[in-house]
Amino acid sequence: MNIILKNIIRFVVLVLIQVAILNNIQVSGFVNPYMYILFILLLPFEIPNWLLLVLSFFLGFSIDVFSGTVGMHASACVFMAYVRPYVLNYLSLRDGYEVGTYPGIAHFGFAWFFKYSLTLIVAHHSFLFVVEAFSFANFSETIMRIIFSAFFTLTLIITSQFLMFKK
């Protein structure tokens, strides 16, 4: 399947799952799963940085439109996209990344994908929840939300990788 069509389908499916199902899951205000960021995580390595930022903005903006959150998800997604090349450089293999591969468990294994996704999920969630709170008054509560939501999101993303990309 064409990579552009594959990413358009992934975009639409992840936004629909987020809006229809995952936005309705909230455990005492501490666990908010945000699986839609899997779209940013799975974009190919060779995507230009400007396109990565634009696609991330539109992903976050789509979630904002359906959630009524006025730019919080868009800004968190753009921040995650901005950090992504630095994380990829930090985790890069000795020979670099092959053209045509994408960051996933199927190509790079569980340990690499776990470090990659955990770093970017924590970056996204930290930005999102700090912007949402916009105060240090309840800082410990914000930290707890970041930790629990990141753990739950990471669990969903890794589970989806094992379900969708079996070898």
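Which residues does Gln18 touch, not counting residues up to four places away in sequence? In this predicted model, the answer is Asn23, Pro33, Tyr34, Met35, Tyr36 and Ile63. To find Gln18 yourself, look in helix α1, which spans residues 3-20. Gln18 has a relative accessible area of 0%, so it is buried. Met35 deserves a second look: its backbone nitrogen lies 3.0 Å from a polar atom of the Gln18 side chain.

Now let us move along the chain to Ser160, which sits in helix α6 (residues 139-164). Its relative accessibility is 10%, and because buried means under 20%, Ser160 counts as buried. Ser160 and Leu38 are 122 residues apart along the chain, yet their C-alpha atoms are separated by 9.3 Å.

Our last stop is the aromatic rings. The model holds 14 aromatic pairs. In one of them, the rings of Phe108 and Trp112 have centres 4.8 Å apart and planes at 35 degrees, so this pair is tilted. Both residues belong to helix α5 (residues 105-133), where they are four residues apart, about one turn of the helix. Phe108 and Trp112 are both buried.

Helix α5 also carries Phe113 and Tyr116, three residues apart, again about one turn of the helix. Their ring centres lie 6.2 Å apart with the planes at 50 degrees, so this pair is tilted too. Phe113 and Tyr116 are buried as well. To see how these rings come together, add Phe45 to your view: Phe45, Phe108, Trp112, Phe113 and Tyr116 form one aromatic cluster.

Terms used: Residues numbered from 1 in each chain as written. Predicted model: local features only at pLDDT ≥ 70, side-chain atom pairs only at ≥ 80, totals over all residues. Heavy atoms only, no water. Helix = DSSP H or I, 4+ residues; strand = E, 2+ residues; numbered from the N terminus. Buried < 20%, exposed > 50% of the residue type's maximum accessible area, 1.4 Å probe, protein only. Polar contact = N/O pair within 3.5 Å; in protein donor to acceptor, adjacent residues only side chain to side chain. Contact = heavy atoms within 4.5 Å. Phe/Tyr/Trp six-rings, centres within 6.5 Å; stacked < 30°, edge-to-face > 60°.
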